Amino acid sequence: ANSVFAQQLFYQGKTITLITGTTAGSQYDAHARLIAQHWGRHIPGNPGVIVQNMPGAGSLISANHLYNVAKPDGLTVTSIIPGIYFSQLAGSKEVQFDYAKFNWIGSIDRSDNVMYMRSDTPFKTIHDVRRAAQGPKCTATGIGTVGHSMPKLLNEVIGTKFEIILGYPGGPEMDLAVEKNEAQCRAFTHAAWFSGEPYRTWQKNGFVHVLVQTGKKRDERLAQVPTLNELMDEFKTDDVSRRLATVVLASGELGRPYLAPPGIPGERLRILRQSFMKLMVDPAFLIDVKKRNLEVDPSTGEELEKLAKEVVAQPPEVIERVKKLMGK
């Protein structure tokens with residue numbers, strides 16, 4: 001009981017800084033702001049929680065900051081885009097962290113991915129993209145994000161010919177690029193696709209259609225759309241390529257994770273993990289989540305930690321393929 005009391009004293013009157021590795025207005029940012037609003041009351045001592053945006057390089061900048069600069073005192077938490085482990089596997093010099101050594105607090109949702117395509121293109125199905133002499137252009141913010149890794153993965157494992165335009169600041173800018181026909185496609189999370197505008201209007205007026213989904217089975221709302229697993233069976237994808245797909249798609253299982261720096265006291269990590277899971281079932285929080293068309297499908301810090309360790313421990317032949325995938 002003493003240590004709980006000590007922790008209560010620790011958090012009392014303090015403020016937790018929740019750093020989000022993306023721009024304002026993105027889905028990650030929307031989740032972080034909701035969490036900041038409600039989390040404090042589940043933490044002994046009721047600290048305040050403020051959000052700070054630290055975008056850049058698909059959240060690599062915020063991850064490096066968390067690992068090397070943030071104090072490991074339980075007062076800095078960061079929301080990252082989980083696919084940055086690709087950069088570590090590929091040996092990228094921008095990576096100044098060991099993914100497996102972060103302290104994983106929890107994730108608000110896990111998600112499969114979809115890719116949408118403008119409907120006025122010749123690419124009605126994924127088969128059309130395989131047959132094309134020149135593939136369509138897809139948008140991405142940075143390497144290792146879904147926008148980049150998913151079209152690259154499709155090129156690698158089923159022989160499509162997507163081109164990728166990197167460097168968009170965030171989701172709204174990527175959608176605008178498709179509206180202007182600078183690009184024709186975008187891969188992102190399933191949850192985002194069903195989250196509201198502009199996608200609802202686009203679905204209604206047939207401006208875009210979904211080409212492929214990555215879930216274990218087809219979502220009933222996308223019953224016509226093949227899964228990547230079905231396509232890999234159809235095109236007899238080899239074993240190492242299938243392992244590559246597993247590594248790439250783990251980012252969806254990691255979802256939208258919240259991390260603390262290495263070296264945070266065990267008791268504080270426990271408090272952050274427990275309070276995070278309490279928050280995930282808090283009725284007031286869930287009402288707000290629903291209002292904003294977001295989804296909650298949480299994972300515990302322990303589950304994430306296990307997955308993070310597995311994903312960075314790959315045999316050389318898979319790492320080779322990851323490096324190729326990460327090539328621009």
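Which residues does Ser87 touch, not counting residues up to four places away in sequence? The list is Leu60, Ser92, Val95, Ile143 and Met326. Keep in mind that this is a predicted model. Below is a quick tour of its empty spaces, its nonpolar cores and its salt bridges, starting with that serine.

**Ser87 and its surroundings**

- Ser87 sits in helix α4, which covers residues 85-89.
- Is Ser87 buried or exposed? Its relative accessibility is 5%, so Ser87 counts as buried, the cut-off for that class being under 20%.

**Enclosed cavities**

- Rolling a probe the size of a water molecule over the atoms shows where empty space is left.
- The search turns up two cavities of 30 Å³ or more.
- The largest cavity holds about 90 Å³ of space.
- Its lining is made of 15 residues, and Tyr28, Pro82, Val146, Ser251 and Gly255 are the ones nearest the centre.
- Sorted by class, the lining of the largest cavity has nine polar residues, four nonpolar ones and two charged ones.
- The second largest cavity comes in at about 30 Å³.
- Around this second largest cavity you'll find Asn113, Ser149, Met150, Leu153, Val248, Leu249 and Ser251.
- Two helices, α6 (146-158) and α11 (239-254), each give two or more residues to the lining of the second largest cavity.
- There's no charged residue in the lining of the second largest cavity, just four nonpolar and three polar ones.
- Ser251 is worth finding on the model: it is among the residues nearest the centre of the largest cavity, and it also lines the second largest one.

**The second largest pocket**

- About 640 Å³ of space lies in the second largest pocket.
- Which residues lie nearest the centre of this pocket? Out of 25 lining residues, they are Ser111, Asp112, Thr214, Gly215 and Lys216.
- Helices α8 (190-193), α10 (228-234) and α11 each put at least two residues into the lining of this pocket.
- The largest share of that lining is the six residues from α11.
- Charged residues number 12 in the lining of the second largest pocket, alongside nine polar and four nonpolar ones.

**Nonpolar cores**

- The largest nonpolar core is built from 52 residues.
- Inside this core, the residues with the most contacts are Tyr85, Tyr99, Met115, Leu154 and Phe162.
- What is Met115 in contact with, leaving aside its neighbours within four places in sequence? Its partners are Cys138, Pro151, Leu154, Phe162, Cys185, Arg186, Ala187, His209, Val210, Leu211 and Val212.
- Two of those partners, Leu154 and Phe162, are themselves listed among the core residues with the most contacts.
- Apart from the largest core lies another one, of 27 residues, including Phe10, Ile35, Phe276 and Met280.

**Salt bridges**

- How many salt bridges are there? The count comes to 21.
- Asp282 pairs with Arg41, and their closest N and O atoms are 2.6 Å apart.
- That pair ties together distant parts of the chain, 241 residues apart. Asp282 is in the loop between α12 (266-279) and α13 (283-291), while Arg41 is in the loop between α2 (27-38) and β2 (48-53).
- Within this pair, Asp282 is buried at 7% relative accessible area, whereas Arg41 is partly exposed at 44%.
- Arg131 bridges to Asp128, with 2.9 Å between the closest N and O atoms.
- Arg131 and Asp128 are three residues apart in helix α5 (residues 126-131), so about one helical turn separates them.
- Are Arg131 and Asp128 buried or exposed? Arg131 counts as exposed because its relative accessibility is 62%, over the 50% cut-off. Asp128 is buried, with a relative accessible area of 18%.
- Arg242 and Asp233 form another salt bridge, and here the closest N and O atoms are 2.9 Å apart.
- Both partners count as partly exposed: Arg242 has a relative accessible area of 26%, and Asp233 is at 48%.
- Salt bridges also link up into a network, made of Arg273, Glu302, Glu305 and Lys309.

Methods
Residues are numbered from 1 along each chain as its sequence is written. This is a predicted model: local features need pLDDT of at least 70, side-chain atom pairs count only at pLDDT 80 or more; totals for chains, interfaces and linings use all residues. Side-chain values use heavy atoms; hydrogens and water are left out. On a 1 Å grid over the protein atoms alone, a cavity is a set of points where a 1.4 Å probe fits but cannot get out, and a pocket is an open set with protein on both sides within 12 Å along at least five of seven lines; lining residues have an atom within 4 Å of a point. Grid points are joined across faces, edges and corners, and a volume is the space filled by probe spheres set on the points. Ala, Val, Leu, Ile, Met, Phe, Trp, Tyr, Cys and Pro count as nonpolar, Asp, Glu, Lys and Arg as charged, and the others, Gly among them, as polar. Helices (H or I, at least four residues) and strands (E, at least two) are DSSP runs, numbered from the N terminus. A nonpolar core is a set of buried Ala, Val, Leu, Ile, Met, Phe, Trp, Tyr and Cys residues joined through side-chain atoms within 4.5 Å. Buried means under 20% relative accessible area, exposed over 50%, partly exposed in between (1.4 Å probe, protein chains only). Contact means heavy atoms within 4.5 Å. A salt bridge is a side-chain nitrogen of Lys or Arg within 4 Å of a carboxyl oxygen of Asp or Glu.
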